[in-house]
Amino acid sequence: MKVQVDRRDGLTVAADAVVCGVFERSEKDDSFPRGLAREDEATKGLVRAAWEKREIRGKSKELTVFHRPDRRSRIVLIGLGLRAKFGPDTVRRAAASVVRGLRAKGVRTLAFRLPSFVADLTPAESAARALTDGAVLGAYEFVKYKTTTEGTVEEVSIQLGEELARDEAGLKKAVAEEISIADTVVWTRDIANLPADTATPERLAEEARALGKELGLKVTVFDEQKLAEMHCGGLLAVGGGSVHPPRLIVVEYSGGSKRGRTVAVVGKGITFDSGGISIKPALNMAHMKFDKSGAVAVLGILRAAATLKVPPRVIGVLCCAENLPGGSAYRPGDVVKAFGGKTIEVLNTDAEGRVVLADGLAYAVQQYRPDEVIDLATLTGAEVVALGDDTAGMVATDDRLAEGLLAAAATTGEPLWRMPLTDYHRELVKSDLGDVKNSTEIPTAGMLTAAAFLEAFVGNTPWAHLDIAGPAYTSLTTYKYQPSYQNLGATAFGVRLVSRYLMDLGRP
Ligand code: BES
Ligand code: MN
Ligand code: ZN
């Protein structure tokens, strides 16, 4: 999709539809909104008539379509809900609803009237960014395997009008930045949605190599022989049951500022999680192709970091393996040695994410001595139970890092909630046979015992763990409740959030 900023008023341009936001009408002030005066004029009074007949209520997702008597274009009103609840996420959702609602009605070009999406706490720049994200992400569909599609909105313009035309330069810059992030989210979703027969660990390595070539990033891929030499017992154990061997993939972006920090971003890349010998039930097992979402998000984060030239140096580490049962699969009772020498007692082969992350985290910390480590992983069902399908759970050992990520979550609208990590959880993962065990006999606080396990491989480096099991993808049962900018399947959760964090890191 093409997005551009145009200084003219929306009603003067040629587009299939011109879109204006309208707040939910309140009992107190039910008079015709001043902001709709020009729409009313262009429709020769139809908008006011619809208002008076209470056809326009301004509820979120409400679309009201008018045809201009001169047939130049359609005029579309999108409900924004209550003014008191308005913010950038309202705008993001509204733009996505418009794109989704109109694409089946033959609309290919859209013009948003920016002033109608600006309010006290949402300045023009935030609104323009949110319109960009919402339109691009709302239009997204995974169409690789479809032979026919409805078509989609192809061009969006953000119209400034007299009120905002003087901010044109700044808004153009902000929108250009946001386009590049949204394009990366689309790119990430396209990889994360690939089924496991296609998106093997080696295929993810190929994606990383291609990205490295395109953006000038150093990419190193460790195959199963190399992993054996490096004593990456976690990846080898988890990947043992599959004919598609494991890969540890490292992507390096050298940083936009000389004395910047080094941030390692580590992702769980299980291309399919059957559970292994501790096999999962059949219901929803197909969702487990999304168990690579953390690693694919890391690839997206590196793409965004390099494109936007963020200040810190960023090291992406993707821990990729396929978890299948079979004659060479690892089994409950095995003890495996991770990179760096710590031993893991395997009690449940379905707790495989932490086993591959053990190698990746230990490698990142030992090899690069980063100032901080962030990991993203679809790690536990317990996270989904605790926080639901839209929110990621965070465990962090450093308050500055945690607060930075929470701030980025608030601006990007990717919900994040911090959870505690205590000595109790650390106690629960101690092993009688080795250093740590991958599953506990007490099944409570599953997200937190998983984090306690990971911490053993990070050591003292400031660290934030993002368990994205809930928000990484939507399913047929959950996606209709989600904002319109999350389509069915992979969401690429974490890409906008961590990219924003990295952009703001080391800036005054
Ligand atoms: N990939 C799953 C976690 C998951 C569940 C992700 C639902 C997305 C949606 C993970 O590997 C897993 O199976 N975790 C187990 C751990 C348990 C065996 C200790 C779980 O959460 O049940
Ligand atoms: Mn599992
Ligand atoms: Zn898993």
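This briefing covers one buried strand and its partners, a small open sheet, and two pockets. The model is predicted. Strand S9 spans residues 262–273, and 12 of its 12 residues are buried, so S9 is largely enclosed by the rest of the structure. S9 also gives two or more residues to the lining of the largest pocket, which holds about 910 Å³ of space.

**Strand S9 and its partners**

- S9 runs parallel to strand S10 (residues 313–323), and 10 bridges join the two.
- Within this pairing, Lys268 stands opposite Cys319 of S10.
- Helix H10 (residues 293–308) belongs with S9 and S10 to a right-handed β-α-β unit.
- S9 also pairs with strand S13 (residues 372–377), again in the parallel sense, over 5 bridges.
- In the pairing with S13, Gly267 of S9 faces Leu376.

**The open sheet S11-S12-S16**

- Three strands make up an open sheet with mixed pairing, in the order S11-S12-S16.
- S11 (335–337) and S16 (436–437) are the edge strands, each with a single partner strand, so one side of each has no neighbour in the sheet.
- S11 pairs with S12 (residues 343–345) in the antiparallel sense over 3 bridges.
- Lys337 has Thr343 of S12 as its bridge partner.

**The largest pocket**

- The volume of the largest pocket is about 910 Å³.
- Its lining has 36 residues, of which Lys280, Leu379, Thr380, Gly381 and Ala382 are the closest to the centre.
- Two or more lining residues come from each of S9, helix H12 (381–387), helix H15 (446–458) and strand S18 (473–474).
- Among the elements, H12 contributes the most to this lining, with 3 residues.
- By class, the lining of the largest pocket has 11 nonpolar, 16 polar and 9 charged residues.

**The second largest pocket**

- The second largest pocket has a volume of about 780 Å³.
- Of its 30 lining residues, Phe23, Pro33, Arg34, Gly35 and Arg83 are the closest to the centre.
- Strand S2 (17–22), helix H1 (37–42) and helix H5 (161–164) each supply at least two residues of this lining.
- The lining of the second largest pocket divides into 13 nonpolar, 5 polar and 12 charged residues.

Conventions. Residues are numbered from 1 along each chain as its sequence is written. Chains are lettered from A and ligands numbered from 1 in the order in which they are written. This is a predicted model: local features need pLDDT of at least 70, side-chain atom pairs count only at pLDDT 80 or more; totals for chains, interfaces and linings use all residues. Side-chain values use heavy atoms; hydrogens and water are left out. Buried means under 20% relative accessible area, exposed over 50%, partly exposed in between (1.4 Å probe, protein chains only). Helices (H or I, at least four residues) and strands (E, at least two) are DSSP runs, numbered from the N terminus. Two strands pair if DSSP finds at least two bridges between them. A crossover is right-handed if, with the strands pointing away from the viewer, the path from the first strand over the helix to the second runs clockwise. On a 1 Å grid over the protein atoms alone, a cavity is a set of points where a 1.4 Å probe fits but cannot get out, and a pocket is an open set with protein on both sides within 12 Å along at least five of seven lines; lining residues have an atom within 4 Å of a point. Grid points are joined across faces, edges and corners, and a volume is the space filled by probe spheres set on the points. Ala, Val, Leu, Ile, Met, Phe, Trp, Tyr, Cys and Pro count as nonpolar, Asp, Glu, Lys and Arg as charged, and the others, Gly among them, as polar.
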